[in-house]
Amino acid sequence: MPPARPPIPDTPGERIRVKRIYRAARVSDGKRILVDRLWPRGVAKDRARLFDWCKDIAPSDTLRHWFHANPDQWQDFSTRYRAELATREDLVCELAGYAQGDVVTLLYASKDEEHNNAVVLRDCLCRWLEREGKNDRPT
């Protein structure tokens, strides 16, 4: 018998989480979605236990390379990535939809846990849910 799932939190900020893919998968992760364009080194696909791999929502290769060369430019990266996300409304909507009825854990490979694309994406998803009036989970 699989372990019991914890209750689903009420607010998007609690339902949408970020986590390094190198950390162990947990039942409390809910839907595990890799949001990097490249597959993380050393991670077996079966160990990742992904619900989805959403490559197309990751920063463009140009932006990813720029940020890798300019890690001190976090605010500029965030602004540029949000602009890219604005052109991918369909993907943002799809990911936000997952968070309406379940916990969603956005997985990333970066060593920096505070400055990565998943952090920007989580904030964007939370704002989208609030703007669309879908910040409460269905009853």
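In this predicted model, a salt bridge joins the side chains of Lys 31 and Asp 102, with 3.4 Å between N and O. Lys 31 belongs to strand 2 (residues 31-34), while Asp 102 sits in the loop between helix 5 (89-101) and strand 4 (104-108), so this contact ties together parts that lie 71 residues apart in sequence. Asp 102 is a buried partner, since its relative accessible area is 7%, and the limit for a buried residue is under 20%. The contact is one of 10 salt bridges that the structure holds. As a general point, side chains of opposite charge can pair when their charged atoms come close.

Two further salt bridges are found inside helices. In the first of these, the side chains of Arg 64 and Asp 61 meet at 3.0 Å, N to O. Both residues are in helix 3, and because they are three residues apart, about one helical turn separates them. Arg 64 is partly exposed at 29% relative accessible area, and Asp 61 is likewise partly exposed, with a value of 36%. Helix 4 (residues 74-86) offers a related arrangement: Arg 80 and Asp 76 both lie there, four residues apart, which is about one turn of the helix. Their side chains form a salt bridge of 3.2 Å, again N to O. Arg 80 counts as partly exposed, its relative accessible area being 36%, and Asp 76 falls into the partly exposed class at 28%. Elsewhere, Lys 19, Asp 29 and Arg 32 are joined into one network by salt bridges that share partners.

Arg 64 also leads to the largest pocket, which holds about 830 Å³ of space. This pocket is lined by 24 residues, and those closest to its centre are Arg 64, His 68, Ala 109, Ser 110 and Lys 111. Helix 3 (residues 61-69) provides the largest share of the lining, four residues. What is the chemical make-up of the lining, in terms of nonpolar, polar and charged residues? The lining divides into 11 nonpolar, six polar and seven charged residues.

Aromatic contacts add another layer to the picture. The structure holds six aromatic pairs. Among them is the pair of Trp 39 and Trp 53, an edge-to-face arrangement with 5.1 Å from centre to centre and 70° between the planes. Trp 39 is placed in the loop between strand 2 and helix 2 (45-48), and Trp 53 in strand 3 (residues 52-53), so the two rings tie together parts that are 14 residues apart in sequence. Trp 39 is partly exposed, with 23% relative accessible area; Trp 53 is also partly exposed, at 24%. Ring pairs further link Phe 67, Trp 74, Phe 77 and Tyr 81 into a cluster.

The cysteines complete the survey. How many disulfides does the structure contain? The count comes to zero, where a disulfide would need a pair of cysteine sulfur atoms within 2.5 Å. Cys 54 is buried, with a relative accessible area of 9%, whereas Cys 93 is partly exposed at 34% relative accessibility.

Key: Residues numbered from 1 in each chain as written. Predicted model: local features only at pLDDT ≥ 70, side-chain atom pairs only at ≥ 80, totals over all residues. Heavy atoms only, no water. 1 Å grid on protein atoms, 1.4 Å probe; cavity = no way out; pocket = protein on both sides within 12 Å on 5 of 7 lines; lining within 4 Å. Points joined across faces, edges and corners; volume = space filled by probe spheres on them. Helix = DSSP H or I, 4+ residues; strand = E, 2+ residues; numbered from the N terminus. Nonpolar A, V, L, I, M, F, W, Y, C, P; charged D, E, K, R; others polar. Buried < 20%, exposed > 50% of the residue type's maximum accessible area, 1.4 Å probe, protein only. Salt bridge = Lys/Arg side-chain N within 4 Å of Asp/Glu carboxyl O. Phe/Tyr/Trp six-rings, centres within 6.5 Å; stacked < 30°, edge-to-face > 60°.
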